[in-house]
Protein chains: 2
Amino acid sequence: MNAKDKKIYLAKANVLKALSHPTRLWMAEQLEGGERCVCEFVDAVGVDFSTVSKHLAVLKQAGIVEDEKRGKKVFYRLKVPCVLKFMSCIESVIGSERFCGCP
Amino acid sequence: MNAKDKKIYLAKANVLKALSHPTRLWMAEQLEGGERCVCEFVDAVGVDFSTVSKHLAVLKQAGIVEDEKRGKKVFYRLKVPCVLKFMSCIESVIGSERFCGCP
DNA sequence: TTCTTACTTGGCAAAATAGCCAAATGTTCA
DNA sequence: TGAACATTTGGCTATTTTGCCAAGTAAGAA
């Protein structure tokens with residue numbers, strides 16, 4: 001790995017890192033169904049408004065989502081929808097680890 | 001998000017988290033070309049032996065790679081190759097952020 | 001203009017992560 | 001057996017991440 005490679009892999013890893021939090025991943029998947037405002041996520045996720053806002057900022061900074069203010073609300077939508085295409089594969093990984101909902 | 005959803009998204013996020021480090025992502029991609037022993041990574045990455053070993057342990061714990069000891073060496077290989085299928089998409093994300101090698 | 005709604009930002013403490021060093025383990029070779 | 005090699009583990013510190021609270025901003029309503 002030379003310096004240029006390091007930069008590229010750092011950039012790629014940052015995109016993955018943005019998706020590697022349960023709340024952020026869940027929100028990104030919700031956006032597959034179309035744009036949502038911040039308040040909708042706050043209601044559904046059950047954490048502080050500021051926490052949701054910061055999570056969305058991470059996804060935005062990574063280039064995964066974009067936002068638009070309309071009136072009092074800010075709507076977020078997927079900028080690069082393919083980012084969730086590989087979820088069936090991720091599911092097969094956790095499947096291979098015999099993940100289940102059991103206690 | 002109920003308790004079961006939380007568990008599932010935590011598990012999925014863990015797989016992504018395992019890949020969200022430049023060194024681990026690079027190593028996972030190298031494994032697409034076939035198995036490698038730890039020492040090969042140490043030489044290429046330029047970081048401590050113990051650090052490489054710990055990174056590989058993270059990938060293993062996530063279910064992405066598996067290892068096999070043969071003689072003195074431990075070989076790692078991809079357990080779920082599809083995990084890297086979405087890299088072209090990740091590249092399009094960093095492309096959309098106008099990522100380049102420039103300073 | 002003031003109030004309320006819908007956010008974002010700054011600050012902080014707790015927890016997790018990264019990478020180094022030193023020590024321990026397991027395997028082959030002399 | 002003992003030395004050398006390949007790797008893992010434990011321990012430590014520096015850095016990053018997370019999530020809450022409080023304060024700040026922007027837009028529409030009264």
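In what order do the strands of the open sheet in chain A come? The views below, all from a predicted model, start there and then move on to the DNA.

**View 1. A three-stranded open sheet in chain A.** Here the order is β1-β3-β2, and the pairing is antiparallel. Out at the edges sit β1 (36–37) and β2 (65–70) of chain A, each of which pairs on one side only.

**View 2. Zooming in on β1(A) and β3(A).** These two strands run antiparallel and are joined by two bridges. Look for Arg36(A): its bridge partner in β3(A) is Tyr76(A).

**View 3. The protein surface around DNA strand C.** There are 23 residues around this strand, and the ones that come nearest are Cys39(A), Ser53(A), Lys54(A), Val74(A) and His55(B). Sorted by type, the residues of this surface are nine charged, seven polar and seven nonpolar. On the DNA side, sugar or phosphate accounts for 65% of the strand C atoms within 4 Å of the protein, and bases make up the rest.

**View 4. Polar atoms meeting at DNA strand C.** A polar backbone atom of Val74(A) is 2.8 Å from a phosphate oxygen of the strand. From chain B, Asp48(B) places a backbone N or O atom 3.1 Å from a phosphate oxygen. Ser50(B) goes for a base instead: an N or O atom in its side chain is 2.8 Å from a base nitrogen. Stepping back, the elements giving two or more residues to the surface near strand C are α3 (38–45), α4 (49–61) and β3 (73–78) of chain A, plus α4 (49–61) of chain B.

Note on methods
Residues numbered from 1 in each chain as written. Chains lettered and ligands numbered in written order. Predicted model: local features only at pLDDT ≥ 70, side-chain atom pairs only at ≥ 80, totals over all residues. Heavy atoms only, no water. Near = heavy atom within 4 Å. Polar contact = N/O pair within 3.5 Å; in protein donor to acceptor, adjacent residues only side chain to side chain. Helix = DSSP H or I, 4+ residues; strand = E, 2+ residues; numbered from the N terminus. Nonpolar A, V, L, I, M, F, W, Y, C, P; charged D, E, K, R; others polar. Pairing = 2+ DSSP bridges.
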